[in-house]
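Look at the sequence and the structure together. The paragraphs below go through them part by part.

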Amino acid sequence: MIPAPHAELILPEVLQWSAFSPAHKVDLTSHAVRTSAGWWIFDPIPLHEDSLERFRDDRTAAVVLTNENHERDAAAWAARFQAPIRASSLAQLGLDGVQRHPPVREIDGDWERIPLPGAAPGETAWFLPGRSLLVFGDALVHLPGRGLEILPDRYCQDPAQLRLSLRTLPPATHAVFAHGTPLLGDAADRIRLLLEADAGGRGSGRC
């Protein structure tokens with residue numbers, strides 16, 4: 001995969017980079033969030049060498065995989081910045097030495113981990129209460145030209161269970177996605193409207 005050309009600052013201390021994957025036929029998006037513990041790198045894809053320099057000035061606390069389908073370039077990132085790879089205990093991965101967390105909702109440093117059963121195996125959203133930020137894997141996607149969507153049923157373990165899981169999300173001002181553009185400033189309202197439309201049968205998991 002060709003590295004993303006640069007990382008964009010989308011919020012204070014929140015970086016995003018993306019690139020098209022011919023294999024997946026969709027843009028893959030990654031995020032880095034700096035907290036009191038250092039950088040948390042979510043679902044990383046390759047990034048151009050010049051942009052990697054900004055991560056050298058601070059510790060990388062973890063490389064986080066939000067589900068079992070997002071190994072991406074995690075091994076290279078973890079080796080480069082000497083950081084652990086973290087993932088749910090339900091995610092089947094081809095990587096060694098992954099630090100596993102249980103599929104239960106709990107506080108994890110500055111973050112709150114929120115398992116979302118029904119989506120991909122090991123699906124977990126990460127919520128940063130101090131900044132009202134949600135980081136998603138595949139449970140919700142926001143592709144250009146399509147709007148905010150629930151993960152299509154064909155990619156879900158249990159579509160009905162995923163919808164129940166999504167109703168447990170905390171209201172967040174901002175949300176970022178492993179596929180698509182961020183919601184900055186109106187995330188809670190957009191997610192609420194999506195779930196209401198889906199439950200009322202007025203849409204097809206899209207808003």
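How much space lies in the largest pocket? In this predicted model, the largest pocket holds about 530 Å³ of space. Its lining is made up of 18 residues, and V26, D138, L151, Y155 and H179 are the closest to the centre. Sorted by class, the lining has eight nonpolar, four polar and six charged residues. Two strands that each supply at least two residues of this lining are β3 and β12.

Strand β3 leads on to the next topic, the nonpolar cores. In soluble globular proteins, nonpolar side chains tend to be buried together. The largest nonpolar core here has 27 residues, and those that touch the most other members are W17, I41, L47, F55, V63 and W77. Two or more residues of this core come from each of β2 (14-21), β3 (26-35), β4 (38-42), α2 (74-81) and β6 (85-88). The element that gives the most is α2, with four residues.

Take L47 as an example from this core. Leaving aside residues up to four places away in sequence, L47 touches P3, A4, H6, A7, W17, L52, F55 and W77. A second core, separate from the largest one, has 24 residues, including L140, L151, L162 and F177. Of these, L151 is also one of the residues closest to the centre of the largest pocket.

Strand β12, which was named for the pocket lining, covers residues 140-143. Which way does β12 run relative to β13? The two strands are antiparallel, and four bridges join β12 to β13 (residues 147-150). One of the paired positions is L143, whose bridge partner in β13 is G147. Together β12 and β13 form a hairpin, with three residues between the strands. In the turn, G145 has a positive phi of about 80°.

The last part is an open sheet of six strands. Their order is β8-β9-β10-β11-β14-β15, and the pairing is mixed. Why is one side of β8 and of β15 left without a neighbour in the sheet? Both β8 (106-108) and β15 (183-184) stand at the edges and have a single partner strand each, so one side of each has no neighbour there. Further along the order, β9 (residues 111-115) and β10 (residues 124-128) pair in the antiparallel sense over four bridges. Within this pair, I114 stands opposite A125 in β10. When looking along any such strand, keep one general point in mind: in a regular strand the side chains alternate between the two faces of the sheet.

Technical notes. Residues are numbered from 1 along each chain as its sequence is written. This is a predicted model: local features need pLDDT of at least 70, side-chain atom pairs count only at pLDDT 80 or more; totals for chains, interfaces and linings use all residues. Side-chain values use heavy atoms; hydrogens and water are left out. A nonpolar core is a set of buried Ala, Val, Leu, Ile, Met, Phe, Trp, Tyr and Cys residues joined through side-chain atoms within 4.5 Å. Buried means under 20% relative accessible area, exposed over 50%, partly exposed in between (1.4 Å probe, protein chains only). Contact means heavy atoms within 4.5 Å. Two strands pair if DSSP finds at least two bridges between them. On a 1 Å grid over the protein atoms alone, a cavity is a set of points where a 1.4 Å probe fits but cannot get out, and a pocket is an open set with protein on both sides within 12 Å along at least five of seven lines; lining residues have an atom within 4 Å of a point. Grid points are joined across faces, edges and corners, and a volume is the space filled by probe spheres set on the points. Ala, Val, Leu, Ile, Met, Phe, Trp, Tyr, Cys and Pro count as nonpolar, Asp, Glu, Lys and Arg as charged, and the others, Gly among them, as polar.
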